[in-house]
Amino acid sequence: MSKAEKLNNEIKNYEKRIENNNDRISKSINVSDNEIIKIIKADSKYEINPSWEEIVKRGAAKNYDNDESFYNSEMAKYLQSKIDFWKWQNIEDPTKRIQYYSKELIKLKKKLDSLI
């Protein structure tokens, strides 16, 4: 395979990566927090928010100072962190990747142009 063919293959690869990340962003950008919670719960192997009764039953209430309102606030923070991570994973990170791939694409096209 010639150098030009290798560069063309790399260019196509980066263009496909950009397209895939754009698709991921467009599917995720308008997803509400409630929809994200449903997605997280459907994908999760573990129960995200066990009830306070379940926490007491497990003997874990002491981890929350035996305070149900403290437990609820901690679970709300935890759930928000899961939502934030989902948004980072499906919107912010792909956006950064697109920026990187675009820069690399410009470099590859310049290399290809210099060969031709």
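Let me start with a cut-off, everyone: a residue counts as exposed when its relative accessible area is over 50%, as buried when that area is under 20%, and as partly exposed in between. D65 comes out at 59%, so D65 is exposed. Keep those classes in mind, since they will come back with nearly every residue I name.

A word on what we are looking at. This is a predicted model. The chain averages a pLDDT of 93, and 97% of the residues score at least 70. Going element by element, α1 has the highest mean pLDDT, at 96, while α2 has the lowest, at 91.

Back to D65, then. You will find D65 in the loop between α3, which covers 52-58, and α4. Its backbone is worth a look, friends: D65 has a positive phi of about 55°, although it is not a glycine. N66 sits in that loop between α3 and α4 too, and its phi is near 50°, again a positive value in a residue other than glycine. As for accessibility, N66 is exposed, with a relative accessible area of 56%.

Now to the helix packing. Two packed helices are described by the angle between their axes and the distance between the axes. Here the pair is α1, residues 3-28, and α4, residues 68-115; their angle is about 155° and their axes are 8 Å apart. So how do α1 and α4 run, roughly parallel or roughly antiparallel to each other? Angles over 145 degrees count as roughly antiparallel, and α1 and α4 are therefore roughly antiparallel. Their crossing is left-handed. Sorted by class, the contact of α1 with α4 has 16 nonpolar residues, eight polar ones and nine charged ones.

On to the charges. The count of salt bridges comes to seven, and I have picked a few to show you.

One of them belongs to the helix pair we just discussed: the side chains of K109 and E15 meet at 3.8 Å, N to O. K109 lies in α4 and E15 in α1, so this salt bridge ties together parts that are 94 residues apart in sequence. With a relative accessibility of 38%, K109 is partly exposed; E15, at 35%, is partly exposed as well.

Next, please find D33 and K87, whose side chains form a salt bridge at 2.9 Å, N to O. This pair also links distant parts of the chain, with D33 in helix α2, residues 33-43, and K87 in helix α4, 54 residues apart. D33 has a relative accessible area of 31% and is partly exposed, and K87 falls into the partly exposed class at 27%.

My last salt bridge stays within one helix. K107 and E104 meet at 3.3 Å, N to O. Because they are three residues apart in helix α4, about one helical turn separates them. What about accessibility: is E104 buried or exposed? E104 is buried, with a relative accessible area of 17%, whereas K107 is partly exposed at 49%.

Let me finish in helix α2, where N34 is placed. N34 is exposed, with a relative accessible area of 56%. If you would like a distance to check on your own screen, try N34 and Q99: they are 65 residues apart in sequence, and their C-alpha atoms are 29 Å apart in space.

That is my tour, and thank you for listening!

Notes
Residues numbered from 1 in each chain as written. Predicted model: local features only at pLDDT ≥ 70, side-chain atom pairs only at ≥ 80, totals over all residues. Heavy atoms only, no water. Axes fitted to C-alpha atoms, helices over the stretch in contact; angles between N-to-C directions. Helix = DSSP H or I, 4+ residues; strand = E, 2+ residues; numbered from the N terminus. Parallel < 35°, antiparallel > 145°, perpendicular 65-115°, else oblique. Left-handed = near helix turned anticlockwise from the far one by under 90°. Nonpolar A, V, L, I, M, F, W, Y, C, P; charged D, E, K, R; others polar. Salt bridge = Lys/Arg side-chain N within 4 Å of Asp/Glu carboxyl O. Buried < 20%, exposed > 50% of the residue type's maximum accessible area, 1.4 Å probe, protein only. pLDDT = per-residue confidence, 0-100.
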